[in-house]
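Open the model in your viewer and keep the sequence panel beside it. The stops below give a selection to make and say what is there.

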Amino acid sequence: QVQLVESGGGSVQAGGSLRLSCAISGYIYGRYCAAWFRQAPWKEREGVAVSYRGGDTQYYADSVKGRFTISQDNALNTVYLEMTNLKPEDTATYFCAARSSRLYGRPRCMSTDDISDWGPGTQVTVSS
């Protein structure tokens, strides 16, 4: 059974930093990608950052480029999102997400349609 569990959310002032972690388990045949999405109140869920397979390639949404870094520790099956210079508009529930390697196709993994599994989410609040 696949499980994704986030941790590390919280409240921070603008300009501050947070590090989110996601423990992933249950992918017998591996995962094609691991990603972070976020959803603010009254807004659609959006892709923030994605890391593919072994972690050598990443992709970021323009809104977080240069401020957020996605990384993964394959030995620990954990994916991280380092967030710096946080802004009030970064306030949202952040979700860890992944796509099983068993699925056909190799999408970018920045759309909810590309994802097969989700974590429950962790809240990030940035105050001005």
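Two strands are said to pair if DSSP finds at least two bridges between them. The model is a predicted one.

**Stop 1: strands 5 and 6.** Select strand 5 (46-52) and strand 6 (residues 57-60). They run antiparallel and are joined by four bridges. Within this pairing, S51 stands opposite Q58 in strand 6. The two strands form a hairpin with four residues between them, and R53 in the turn has a positive phi of about 40 degrees. Most residues other than glycine have a negative phi. Now colour strand 5 by accessibility: six of its seven residues are buried, so the strand is largely enclosed by the rest of the structure.

**Stop 2: strand 4 and its loop.** Add strand 4 (31-39). Strand 4 pairs with strand 5 in the antiparallel sense over six bridges, and A35 stands opposite V50 in strand 5. This hairpin has six residues between the strands. Select W42 in that loop. Its phi is positive, about 70 degrees, although W42 is not a glycine. Is the residue buried or exposed? W42 is exposed, because its relative accessible area is 88% and the cut-off for exposed is over 50%.

**Stop 3: a second positive phi.** Go to N85, in the loop between strand 8 (78-83) and strand 9 (92-100). N85 is not a glycine either, and its phi is positive, near 45 degrees. With a relative accessible area of 43%, N85 is partly exposed.

**Stop 4: the core.** Select I24, W36, F68, L81, M83 and Y94, which touch the most other members of the largest nonpolar core, a set of 38 residues. Strands 3, 4, 5, 7, 8, 9 and 11 each supply at least two residues of this core. Centre on L81. Leaving aside neighbours within four places in sequence, L81 is in contact with residues including W36, F68 and Y94, and also with L18, L20 and A49.

**Stop 5: strand 11.** Select strand 11 (122-127). Which of its side chains are buried? T122, V124 and V126 point to one face and are buried, while Q123, T125 and S127 point to the other and are not. In a regular strand the side chains alternate between the two faces of the sheet. Strand 2 (residues 10-13) pairs with strand 11 in the parallel sense over four bridges, with S11 opposite T125. Strand 9 pairs with strand 11 in the antiparallel sense over three bridges, and there the bridge partner of Y94 is T122.

Note on methods: Residues are numbered from 1 along each chain as its sequence is written. This is a predicted model: local features need pLDDT of at least 70, side-chain atom pairs count only at pLDDT 80 or more; totals for chains, interfaces and linings use all residues. Side-chain values use heavy atoms; hydrogens and water are left out. Buried means under 20% relative accessible area, exposed over 50%, partly exposed in between (1.4 Å probe, protein chains only). A nonpolar core is a set of buried Ala, Val, Leu, Ile, Met, Phe, Trp, Tyr and Cys residues joined through side-chain atoms within 4.5 Å. Contact means heavy atoms within 4.5 Å.
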